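Trainee: I should like to learn how to read a protein model step by step. May we begin with the whole and then turn to single residues?

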Amino acid sequence: RLVFRRNPYYWRKDAQGKPLPYIDRIVWQFIENTDTQLIRFRSGELDVMGDARPLRPEYYSLLKQEEKRGNFQMYNGGPWSGVLYMTFNLNKAKDKDGKPVVDPVKLRWFSNLSFRQAVAHAINREKINTNIFRGLGIVQNSPISVQSPYFLKPEDGLKVYDYSIQKAKDLLLGAGFKYNAQKQLLDADGNLVRFTLLTNAGNKVREAIGAQVKEDLSKIGIQVDFTPLNFNVLVEKTSSTRDWDAHMIGFTGGVDPHGSANLWMISGASHSFNLKQQPGQPPISGWEPYDFERDIDRLMIAGARELDETKRKQIYADYQRVVQDNLPVIFLVNDRALMAARNTLGGLKYTGLPSWGLWNIEELTMQEKR
């Protein structure tokens, strides 16, 4: 847990001149398993659930029925700001021993745009929304949150990858892949197309999505070994050792696209799909960016420098097109901002932006529990 204590020297005051914040102490519990979070909230141990990450959709419908008895309120803040995505390891580098960080056979698949597009078409995101998000999710097609004024709608030129098994198969066959008698996908050299998909264990939504992705891709002959891992292990693999094929994770968003520069820019420490040498890490050799990465860098820098809003929107529209045209990541379904909070907590102003339910923390009040 992490304990925050009130700063008696904080400069802000309320309209009556009373020093802020009102609350003396906040205890932030780290509970990796979401089912355990639910149990502890329902038992009264937690005052808030869903503040740093939104509630699972099935929790929302369950808790909604218990509001009065449990003396809490459910909050629906609209679409959550951020993205949930799947990505492949596109890294061409070799480690300090001269070994490729990605199996060269798999790298040929992953770096093939038609392969990534086929995978995108084969994932049934509407089914994910219906079955896993209970229809409360938002199918995502952009690296920019839907609430942002810079978000480019599909009708305005953003490429989307609607569910189509036939399109997926056509793309694969056109790229030189083929099927054997067992309808398994093989590359041009006869290698069976099989890779491991990672996500963080304990996040039941992502575990359910991973299971569906495995099933969806089996329909185009791809074998997916879905493996949820401890979050710290996952982070070590994606941000340090580069020892992974594909992974699924979320990234916090916001109004301004540059807030996700650490994910999208070549130098970013969260640029996991093609992570370059980072400070303090063992050396790698042979790393190089793709042309589309250079385009993204150029547009992100131009957008950060531009002060004219009309021009800035055009720059970020181009940035979204480059991302979707090249698919370094495959966007899935985004959460809806759902939170539960005890009625003893006052002053909440909950929305999907910013991505933290207690964003106006200095204005919150807490009544004594009876």
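Mentor: We shall go from the overall fold to the backbone, the cores and some single residues.
Please keep in mind that this is a predicted model.

Trainee: Which secondary structure elements does the protein contain?

Mentor: One begins with the helices and strands. Here the protein has 12 helices and 16 strands. With a radius of gyration of 22 Å, against the 21 Å that the globule rule gives for 370 residues, the protein is as compact as a globular protein of that length. Along the principal axes, the C-alpha atoms fill a box of roughly 70 × 45 × 45 Å.

Trainee: How many of the residues in the protein are buried?

Mentor: Burial is judged from relative accessible area, and under 20% counts as buried. In this protein, 48% of the 370 residues are buried. The accessible surface comes to about 17700 Å², and carbon and sulfur atoms hold 50% of that surface.

Trainee: What can be said about contacts along the chain and about the charges of the protein?

Mentor: For contacts, one looks at the separation in sequence. Among contacts with a separation of 6 or more, 69% join residues 24 or more positions apart. For charges, one may compare mean positions: those of the 50 positive and 42 negative charges are 3 Å apart.

Trainee: How should I read the backbone angles?

Mentor: The general idea is that most residues other than glycine have a negative phi, and most peptide bonds are trans. With that in mind, one looks for departures in this structure. The peptide bond from L20 to P21 is cis, with an omega near -5°. P21 is found in the loop between β1 (2-5) and β2 (25-28).

Trainee: Which phi value does N71 have, and where does N71 lie?

Mentor: N71 is not a glycine, yet its phi is positive, near 55°. It is found in the loop between α3 (67-70) and β4 (72-79). R242 also has a positive phi, about 60°, although it is not a glycine. The loop that holds R242 runs between α9 (231-241) and β11 (246-252).

Trainee: Are N71 and R242 buried or exposed, or something in between?

Mentor: N71 is partly exposed, because its relative accessible area is 38%. R242, at 3% relative accessibility, counts as buried.

Trainee: Which residues have the most contacts inside the largest nonpolar core?

Mentor: A core is read by asking which buried nonpolar side chains join up. The largest nonpolar core has 68 residues, and M86, F88, F115, F195, I209, L217 and I222 have the most contacts inside it. Beyond its neighbours within four places in sequence, M86 is in contact with residues that include V119, F195, V213, M248 and L332. There is also a second, separate core of 13 residues, with L38, F41, Y59 and Y60 among them.

Trainee: Where is F273, and what does it touch?

Mentor: For a single residue, one asks about its place, its burial and its contacts. F273 lies in the loop between α10 (261-264) and α11 (291-305). It is buried, because its relative accessible area is 0%. Not counting residues up to four places away in sequence, F273 touches several residues, including F88, W244, W264, F292 and V329. F273 and L107 are 166 residues apart in sequence, and their C-alpha atoms are 11 Å apart in space.

Trainee: What are the surroundings of R312?

Mentor: R312 lies in helix α12, residues 309-326. At 8% relative accessibility, it counts as buried. Leaving aside its neighbours within four places in sequence, R312 is in contact with Y150, D256, G303, A304 and E306.

Trainee: Why is S111 described as partly exposed?

Mentor: S111 is partly exposed because its relative accessible area is 30%. It lies in the loop between α4 (104-110) and α5 (113-122). Not counting residues up to four places away in sequence, S111 touches L90, R116 and Y290.

Trainee: Which loop holds Q184, and how far is Q184 from A302?

Mentor: Q184 is in the loop between β7 (178-179) and β8 (185-186). With a relative accessible area of 28%, Q184 is partly exposed. Q184 and A302 are 118 residues apart in sequence, with 45 Å between their C-alpha atoms. Leaving aside its neighbours within four places in sequence, Q184 is in contact with K178, Y179, L192 and G221.

How values were computed. Residues are numbered from 1 along each chain as its sequence is written. This is a predicted model: local features need pLDDT of at least 70, side-chain atom pairs count only at pLDDT 80 or more; totals for chains, interfaces and linings use all residues. Side-chain values use heavy atoms; hydrogens and water are left out. Helices (H or I, at least four residues) and strands (E, at least two) are DSSP runs, numbered from the N terminus. The radius of gyration is taken over C-alpha atoms; the globule rule is 2.2 Å times the number of residues to the power 0.38. Buried means under 20% relative accessible area, exposed over 50%, partly exposed in between (1.4 Å probe, protein chains only). Contact means heavy atoms within 4.5 Å. Accessible areas come from the Shrake-Rupley method with a 1.4 Å probe; for residues, only the protein chains shown count as cover. Lys and Arg count as positive and Asp and Glu as negative; His and the chain ends are not counted. The place of a charge is taken as NZ of Lys, CZ of Arg, CG of Asp or CD of Glu. A nonpolar core is a set of buried Ala, Val, Leu, Ile, Met, Phe, Trp, Tyr and Cys residues joined through side-chain atoms within 4.5 Å.
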